[in-house]
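Student: I am new to this structure and should like to understand the terms used to describe it. May we go through them one by one?

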Amino acid sequence: MTRVRLTSGLGFYGDNWTPVLSAIEHGDVQYVCSDHLSELTLAILHKDRQKDAAAGFARDLLPMLTQLWPAASQRGVKFVLNAGGLNPEGAALALQDLFKTNGWRARIAVVTGDDVLHHIDDLQASGEALAHMDSGADLASVKNELVFANVYLGAQPIAQALAQGADIVLTGRVADAALFLGPLIHELGWAADDWDKLAQGIVVGHLLECSGQGAGGNFGSAGVWQCIPDLSHIGFPIADVSADGEVIISKTPGSGGRINFHTLRQQLLYEVHNPRCYVTPDVVLDMGELTLHDLGNDQVQVRGAVGHPAPAQLKLMAGFRNGWMGHMVTGYCWPDALAKAQAVAATVQLQMQEKNIDPQEVCIEYMGHNSFLGPHAHPNENDQVNEIWLRMAIRTTDKKHADAFPRLFPWLALSGPPFMGGFHGMHAASQLLGVWPALVSRESIESQVRIHMKETV
Amino acid sequence: MKLRLSEIAHARSGDKADNADIGLFAWEPLGYALLAQHVSAEQLNIYFAHLWPSTDAAPSIAAARVERFDMPNLLALKFVLRGALNGGASSSLRSDNLGKTIGAQLLRMHIEVDDAQGAAALQAAQQEINRF
């Protein structure tokens, strides 16, 4: 093939797939590449899996494909999704059930090998230190508390699954942009060492992996966000990519949102750290010479990604149990809303002392005043504030203390300052999970990667 | 003259493990020159000190908490704030556990610039915004 068109699927677990349906029906796309996994998501899926061993995948996979598959199969549109999360095999089983129920046929490929939770000892025995990538800390400090450990795989297994005839490729943890690079490699025949083209492909993936954020969502400062048309019917970004690496980003005709130099460059630099050295499993991308040429009418041409050879190591992201959070939110109305919330925060802290709740950390936020801006919030005149929500959270090693924390609040309704409202019950303690990024040699991981093909009937 | 960054730039922020990541985008080239000249990693280290409440590292170490990357081709500066997210999203006590609003905090920062350069950048930014 000389050109291929890809659309964003979901940008996170919980995203909206209506724009994806529009792209399938009116965007002339051949692939939907769907990113269900933020760094945080595996922590959420871990909690699901604790309750039910068959869970641990992004459950929105099922309602999403229920709605999208009829339109997609009619047009031969294929899917690449990392919705497998911590349990790609379980996701495939659930999907097979869904297809069987509906009498739909598809070839589903499952990519595994990213999950190394039960191979940590083997990896260390073979010489992998798995020290913390940022701090250099020894894994021993958290090893007994690990709840997941997944390595970011690259695009090659996805390309191979497509070459084997998959209609749907289901993965666990892969680099987000690899969901897009996989189909590009497969369709356009890009070599595994054609670094500049692979780099262009990573740019495509990065521009599309956050769905609406590449089309004017979550964009703009004061006076500008209002200029993005019809966010209610936003079109997710679509990439048109040629075999020689020409890239045009656009969106479904008639959809809302905006694709131009400004909205795309915000997404281009999003969460990449060093843009001159963005390390992915397939290529190291340098954006230093990259240009975004605005063609008008929600079309932007992308040129000039430079690629350097793929790294010798892959990134592992592990999660470990890291204490508990107890938290509460309650509201105060004028008069003196802020002063009253402050007084209650002081009262609760005193109560913690008297009841021997001894947190490692206390977080106090005045929602409506400074929970987002911190010390850079405007110093409100107390009496002009309409209402303030007090949010308090504590970090504890002992779950009992986190559970006890919300019980310090209800009595204040009758025995605290006046005009308290919006008390919506007490929150159960949350397990906090620390994240542990580390590097691991690619040979030890890639030798374990498998592709399982499943037919539905 | 004093400028607020929101008058000449837009921003987006997010997370990677315990690191906050901010893109700061000038509306046009005059504004980019001002950002490059006046918004340093050292300044952000002080401006965002509240994100590291329990850190008592020596100033030389603390200064390395913030890194700046210049992207003139995109009229943008990228900042990485290491260890700024209270342990990272799933370990944080904060409402904004993902650091999404840190970009808004940055846009509220003021810089002191040359009067003529500032006025020209303000006008050019407004023209670009009007064209948006």
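Tutor: Let us begin with pairing: two strands pair if DSSP finds at least two bridges between them. Please keep in mind that this is a predicted model.

Student: What makes β7(A) and β8(A) a pair of strands?

Tutor: At least two bridges are required, and 5 bridges join β7(A) to strand β8 (residues 247-251) of chain A. The two are therefore a pair under that definition, and they run antiparallel. Within this pairing, A:Val241 has A:Val247 in β8(A) as its bridge partner.

Student: Which residue of the turn between β7(A) and β8(A) has a positive phi?

Tutor: That residue is A:Gly245, with a phi of about 90°. β7(A) and β8(A) form a hairpin, and 4 residues lie between the two strands.

Student: How do you know that β1(A) and β7(A) are paired?

Tutor: The same test is applied. Strand β1 (residues 3-8) of chain A and strand β7 (residues 237-242) of chain A share 5 bridges, and the definition asks for at least two. The sense of this pairing is antiparallel. A:Val4 has A:Val241 in β7(A) as its bridge partner, and A:Val241 is also bridged to A:Val247 in β8(A).

Student: Why are α1(B) and α5(B) called oblique to each other?

Tutor: The axes of helix α1 (residues 29-38) of chain B and helix α5 (residues 115-131) of chain B cross at roughly 130°. Roughly perpendicular covers 65 to 115 degrees, and roughly antiparallel begins over 145. The angle of roughly 130° belongs to neither range, and the helices are therefore oblique. Their axes come within 8 Å, and the crossing is left-handed.

Student: Which residues meet where α1(B) and α5(B) are in contact?

Tutor: From α1(B) come B:Leu30, B:Gly31 and B:Leu34; from α5(B) come B:Gln117, B:Ala120, B:Ala121, B:Ala124 and B:Ala125. By class, 6 of the contact residues are nonpolar, 2 are polar and none is charged.

Student: How many residues of each chain are in contact across the two chains?

Tutor: Contact means C-beta atoms within 7 Å; by this criterion 35 residues of chain B are in contact with 48 residues of chain A. On the side of chain B that touches chain A, the largest share, 5 residues, comes from β2(B). This side comprises 13 nonpolar, 13 polar and 9 charged residues.

Student: Where do the domains of chain A lie along the sequence?

Tutor: Domain 1 spans 3-114 + 152-311, and domain 2 spans 320-433. Taken over C-alpha atoms, their centres are separated by 39 Å.

Methods. Residues are numbered from 1 along each chain as its sequence is written. Chains are lettered from A and ligands numbered from 1 in the order in which they are written. This is a predicted model: local features need pLDDT of at least 70, side-chain atom pairs count only at pLDDT 80 or more; totals for chains, interfaces and linings use all residues. Domain bounds come from an automatic or database domain assignment. Axes are lines fitted to C-alpha atoms, for helices over the stretch in contact, and angles run from 0 to 180 degrees between N-to-C directions. Angles under 35 degrees count as roughly parallel, over 145 as roughly antiparallel, 65 to 115 as roughly perpendicular and the rest as oblique. A crossing is left-handed if the near helix is turned anticlockwise from the far one by less than a right angle, and right-handed if clockwise. Ala, Val, Leu, Ile, Met, Phe, Trp, Tyr, Cys and Pro count as nonpolar, Asp, Glu, Lys and Arg as charged, and the others, Gly among them, as polar.
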